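Okay, thanks for coming, everyone. I'll put the structure up and then walk you through it a piece at a time.

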Amino acid sequence: MSNLRFWACGLLLVLTGWLLGRLVSNEYAFFAGYSVLQYILLATAWNILGGYAGYVNFGTAAFFALGAYVSVALNKMYALPLPVLIVAGGVASGLVGLLMGSLTLKLRGVFFSIATLALAIVSQAVITNWEYVGGASGAYVLRPRMGPLGGSYIEYLFYTMLVMAVAAVALARTIERSKVGYGLSAIRDDELAAEASGVPTLKLKLLATVASGTLMGMAGAPLPFYVAYLDPPSAFNLAYAVNTIAMPLVGGTGTWIGPVLGAILLTVVQETAMVTISSAANLLIVGLLMVGFITLAPNGIVGMVRSLREGRK
Amino acid sequence: MTQPLRLAHAAGHEKNKWGDYDRMPDPSAILNAVVAGVLLGGFYAAVALGIAIAFGMLDIPNLSHPAFVVMGAFATWVLNSTFGIDPIVAGLLMTGPFFILGVLLYRLYHTCFESRGEAPLQGLAFFFGILFITEVVLVLTAGADYRSVQADYIGVSLNLGSLTLPFRMLVPFVVSIAMLFALQQFLTRSFTGRAILAVSQDKLALQLMGVSPTRIKALAFGISIATAAVAGSLLIIIQPVEPSIGRDFIGRAFAAVVLGGMGSFWGMLIASIILGITESIVSDMWNPSWAPAIAFGFLLPTLAFRSGGLLGRKL
């Protein structure tokens, strides 16, 4: 896809989303749409570090929940508008990413992954002990009735998430095609060789970690308004981490379109399974799909489509 | 414009956290906390042992190990509640099936990831998926409730002066140390054990001696999963178990292995005990909800400043 076409498509998508939103009167459509977009944003964010550089982050829930809780705390203090909360959540998570990265990215990727796993546990302990944002008993958040652009507040949340998701995909695509992206894939393929040929590996990895963490924090910031009641077990739910990893792996990790495809596919599958089977089964489906794809089709749907095309030629 | 949020605290546990603990802690309370921590650390070593083998020696990042520990706990629960078998015996009985499970899991991992060359991303995600699947399958088959076992020594304590040693902590400690010692002997004395040590040090040299590294690794990985059966039986003696409890041990077990120094059993034991003592003191003197965070407090500085751990090779 050429640059012009990509940007035109992105803009068109936002506009169609907005127009459709004006026509739809069913609130459920916004709730479901928000959830899909939130996962597109999270999966894209994860993929910037995990897919391009090959560093697996298990701590999505930590970055995501940090964004959400920063937004709870700031709103309690000053009642700021949503875009400001999103920026604040992003900055906070980005800083955590920078700190984590600078301490652990010098080692092999597996140690970074273990540290992120532990990060999710420690940040949950911190939030559970932070009484100001509700501690273990959770925080009730009053969702305003009307959005600032007219329409219901959930409609406003939906548009906000739509803009963020499209922007994140655009950012991921820009990174993928820039020098930074090539550097990151060099790290993924052979870090030692990359280092030897002059790629500033540590700097690039840090950059990717901060970008990825920032986007996850931004994704979390509107969450308190979306759920209206937030407690640590739900904000740090393992399902966020599993889904965020499963989606790019199912879709295909090397490209920006992979996480988008994976996020749409898995959210639809889960919404269907939730209604038709049970909520425990839907998590099992995600786990099985993830393990199935990484063992049988390591390049995801994108890779399958690509090999089909090449086979036809 | 957005309206101000209203936050409400549901439960009223507004008691001053410090109020209770202002006075000087009494020395026998500290002694009890330290001893409880040593016992707890001994149990952590049983969980970390499998990771010390898989991750420390074979370089397989088996994140799902704690899930197998929980699986072992549930198997113990089934054997104990239906046949009345002693939990420790049940754990030992399960080592056979768990060994086979481990060998099969390694075969799958080897064919899909290891033999395809370096694929750390997929391998990590694979084990993360296995962790998740095991947990959900346990919820679907055994339910999400807490389960516990019956044995004569559970609920009884040994009193030495002002020191109280509950047998439900003492027995796991002894079994764990025994298991660690037995495996250490096996690794240093037997031919197979030495081959396992060799594969962790120099795969090529082992191949030149006519031993297949894949077979040895499958064997070693089988042993590492077999230790999870025993660790699971110890876990359910110490506390009631529900399927998602395993996650709490991932950070602890990996912290113990990294802090102890990759591949060093004794380093791992010392690290586990340090971790146990710190957790016990923090829980007793301050607040138990901080306990899971302590492992991270050890892990991060170790990774950042002393990646060789206490007694190990540098990473």
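Before I count anything: when I say helix or strand, I mean a DSSP run, with at least four residues for a helix and at least two for a strand, numbered from the N terminus. And keep in mind that this is a predicted model.

So, chain B. On that basis chain B has eleven helices and two strands. If you walk along from the N terminus, the order is α-α-α-α-β-β-α-α-α-α-α-α-α. Chain B has 315 residues, and 48% of them count as buried. Now look at the contacts in chain B between residues with a separation of 6 or more: 77% of those are between residues 24 or more positions apart.

Let's pick out one helix, α8 of chain B, residues 213-238. Does its length make sense? Well, what should its 26 residues span at 1.5 Å a residue? The expected figure is 38 Å, and the end C-alpha atoms of α8(B) are 37 Å apart, which agrees. As for its surroundings, 21 of the 26 residues of α8(B) are buried, so this helix is largely enclosed by the rest of the structure.

Chain A has a helix we can treat likewise: α9, residues 201-220. Its 20 residues should span 28 Å at 1.5 Å each, and the end C-alpha atoms are 29 Å apart, so that agrees. Here 17 of the 20 residues are buried, so α9(A) is largely enclosed by the rest of the structure.

Now, where the chains meet. How many residues does each chain put into the contact? It's 44 from chain B and 51 from chain A. On the chain B side, α4 (120-142), α9 (247-260) and α11 (291-305) each supply at least two residues. The one that gives the most is α4(B), with 14 residues. And what's that side of chain B made of? It divides into 33 nonpolar residues, nine polar and two charged.

Zoom in on one helix pair there: α5 of chain A, residues 109-128, against α11(B). They pack at an angle of about 145 degrees, with their axes 9 Å apart, and the crossing is left-handed. From α5(A) the residues involved include Phe111(A), Leu119(A), Ile121(A) and Val122(A), and from α11(B) they include Pro292(B), Phe296(B), Leu299(B) and Leu303(B). By class, that contact has 14 nonpolar residues, no polar ones and no charged ones.

One of those residues comes up again in the core. The largest nonpolar core has 207 residues, and Leu299(B) is among the members that touch the most others, along with Leu41(A), Met290(A), Ala48(B), Ala256(B) and Val257(B). Helix α1 of chain B, residues 27-57, supplies the largest share of this core, 16 residues. Take Met290(A) as an example. Leaving aside residues within four places in sequence, Met290(A) is in contact with Ile245(A), Ala246(A), Leu249(A) and Val250(A), and also with Ala125(B) and Gly129(B) in the other chain.

Two backbone oddities next. Most residues other than glycine have a negative phi. Ala228(A), though, has a positive phi of about 70 degrees. It's in the loop between α10 (223-227) and β2 (229-230) of chain A. Buried or exposed? Ala228(A) is exposed, because just 11 other C-beta atoms lie within 10 Å, and the cut-off for exposed is 12 or fewer. The other one is Asp59(B), with a positive phi of about 65 degrees, in the loop between α1 and α2 (65-83) of chain B. Asp59(B) has 18 other C-beta atoms within 10 Å, so it counts as partly exposed.

Last, two residues in chain B helices. Arg168(B) sits in α5 of chain B, residues 167-189. With 19 C-beta neighbours inside 10 Å it's partly exposed, since buried takes 20 or more. Beyond its sequence neighbours within four places, Arg168(B) contacts Tyr153(B), Ile154(B), Ile237(B) and Ile238(B).

Then there's Ile281(B), in α10 of chain B, residues 265-285. Ile281(B) also has 19 other C-beta atoms within 10 Å, so it's partly exposed. Not counting residues up to four places away in sequence, Ile281(B) touches Ala33(B) and Gly37(B). Its C-alpha is 27 Å from that of Pro243(B), which is 38 residues away along the chain.

That's my tour. Thanks!

Technical notes
Residues are numbered from 1 along each chain as its sequence is written. Chains are lettered from A and ligands numbered from 1 in the order in which they are written. This is a predicted model: local features need pLDDT of at least 70, side-chain atom pairs count only at pLDDT 80 or more; totals for chains, interfaces and linings use all residues. Two residues are in contact if their C-beta atoms, placed from the backbone, lie within 7 Å. Ala, Val, Leu, Ile, Met, Phe, Trp, Tyr, Cys and Pro count as nonpolar, Asp, Glu, Lys and Arg as charged, and the others, Gly among them, as polar. Axes are lines fitted to C-alpha atoms, for helices over the stretch in contact, and angles run from 0 to 180 degrees between N-to-C directions. A crossing is left-handed if the near helix is turned anticlockwise from the far one by less than a right angle, and right-handed if clockwise. The expected span of a helix is 1.5 Å times one less than its number of residues. A nonpolar core is a set of buried Ala, Val, Leu, Ile, Met, Phe, Trp, Tyr and Cys residues joined through C-beta atoms within 7 Å.
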